[in-house]
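Open the model in your viewer and have the selection tool ready. We will go from stop to stop, with a word on what to look for at each.

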Amino acid sequence: MNYNALVDQYPHIDIHLNTPLSNYTYTNTGGPADVLAFPKNSQEVQDLLVWLKETQTPLTILGNASNLIVKDGGIRGLVLMLTSLTDITVKGSVVEVASGASLIETCQKARDEHLTGLEFACGIPGSVGGAIFMNAGAYGGEIQDVIESVDVITGDGEFKTYTNDACNFGYRQSVFQETGDVIVNAKFRLEPGDITAIQNKMDELTKMRQDRQPLEFPSCGSVFKRPEGYFAGKLIQDAGLQGYQIGGAKVSKKHAGFIINVDKATGADYIALIKHIQDAVWEKDGVRLEREVKIIGDDA
Ligand SMILES: Cc1cc2nc3c(=O)[nH]c(=O)nc-3n(C[C@H](O)[C@H](O)[C@H](O)COP(=O)(O)OP(=O)(O)OC[C@H]3O[C@@H](n4cnc5c(N)ncnc54)[C@H](O)[C@@H]3O)c2cc1C
């Protein structure tokens, strides 16, 4: 495929050819994207989706790339990274946000407007779109608790709105994991609150994160979902894997549910370590750890 034609057709869209994704992922791993595009508004997203359909080019969607591992061979086709869609507006108790906006900045904006309900998410480093896709959650809260509606563009280039019910949220699940729609916008319904109480809650949760998570290293957060009746971190710890390392990827000693990049880890190092952990925990406790993080792209 000659992607220069795409650049010529849409000179106003920020498009990069053959770009290493390790510059963008939270784990600092991943080979090159054939094309990496940063649309600035929904119209540009729609233009690209129509072009993709016409040319039968594969699409990969990235938010802030904080919950995925990109393999070392990179990604064929077009990677749409939505972090340039950043508008946040507040009307009464409703916060309307473009999908590439940072979830952390959205929490801060809600606080500044004296709105409560999003404090649980104040340390989740994803975009709003990625958080909706994953139904991200922490400290007893989940995105599904605060979403009013979600606007998407379908693979056919059509705009569509989902109500909260239609999003089919579950534990780290949403309908968007099946539809492949591009989330472009969302409305959060919050409640009026006391700004000091909101700030205190955010400070308390931030301190808990700093104390328990290895935030000083690149990682993709908790690698595994919480198995029913267990904690993934505890199972990994009990299997004696804290500090275990393959290549540059290491099981964190601070939080065994995190795999940190300590020395130029590759996607292959991450994937090998994930498999090693799954096998060891299965052998020790008979529990199958299911991945929360997505693995995408081609082998080197
Ligand atoms: C230090 C650290 C701490 C973390 N703590 C938490 C936590 O407490 N709770 C938690 O739930 N997660 C946590 N995470 C994981 C991660 O931040 C969340 O899952 C976040 O919601 C992912 O958002 P993202 O924009 O980075 O998504 P990405 O990693 O870019 O993508 C994740 C998935 O969402 C899809 N996607 C992204 N944007 C869109 C869109 N606009 N439209 C359609 N699909 C899209 C992608 O295709 C991909 O399949 C943590 C990660 C790190 C690194």
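**A charged cluster to begin with**

Start by selecting Arg 76, which is partly exposed at a relative accessible area of 35%. Keep in mind as you look around that this is a predicted model.

Now add Asp 34 to the selection: Arg 76 forms a salt bridge with this residue, and the closest N and O atoms are 3.1 Å apart. Colour the two strands involved and you will see that the pair links distant parts of the chain, with Arg 76 in strand 5 (residues 75-81) and Asp 34 in strand 2 (residues 32-38), 42 residues apart. Which residues make up the network of salt bridges here? Add Asp 298 to your selection, and you have the network complete: Asp 34, Arg 76 and Asp 298.

**Two more salt bridges**

Next, select Lys 40 and Glu 44, whose side chains meet in a salt bridge of 3.3 Å, N to O. Are the partners buried or exposed? Glu 44 is buried, with a relative accessible area of 5%, whereas Lys 40 is partly exposed at 44%.

Then move to Lys 53 and Asp 156, where the side chains meet in a salt bridge of 3.0 Å, N to O. Lys 53 belongs to helix 2 (residues 42-55) and Asp 156 to the loop between strand 11 (147-153) and strand 12 (159-163), so this salt bridge ties together parts 103 residues apart in sequence. Lys 53 is partly exposed, with a relative accessible area of 47%, and Asp 156 also counts as partly exposed at 47%. If you would like to keep exploring charged pairs later, the model has 18 salt bridges in total.

**Along helix 8**

For the last stop, select residues 267-285, which form helix 8. This helix has 19 residues and reaches 27 Å from its first C-alpha to its last, close to the 27 Å expected at 1.5 Å a residue.

Within helix 8, highlight the buried residues: Gly 267, Asp 269, Tyr 270, Leu 273, Ile 274, Ile 277 and Val 281. Turn the view to look down the axis of helix 8, and these buried residues fall within an arc of 155°, so they line one face of the helix.

What covers the buried residues of helix 8? Show the surroundings, and you will find among them helix 7 (232-238), strand 4 (68-70), strand 17 (259-261) and strand 18 (294-296).

Finish by stepping just past helix 8 to Gly 286, which takes a positive phi of about 70°.

Note on methods:
Residues numbered from 1 in each chain as written. Predicted model: local features only at pLDDT ≥ 70, side-chain atom pairs only at ≥ 80, totals over all residues. Heavy atoms only, no water. Helix = DSSP H or I, 4+ residues; strand = E, 2+ residues; numbered from the N terminus. Expected span 1.5 Å × (residues − 1). Buried < 20%, exposed > 50% of the residue type's maximum accessible area, 1.4 Å probe, protein only. Arc of directions from axis to C-beta. Contact = heavy atoms within 4.5 Å. Salt bridge = Lys/Arg side-chain N within 4 Å of Asp/Glu carboxyl O.
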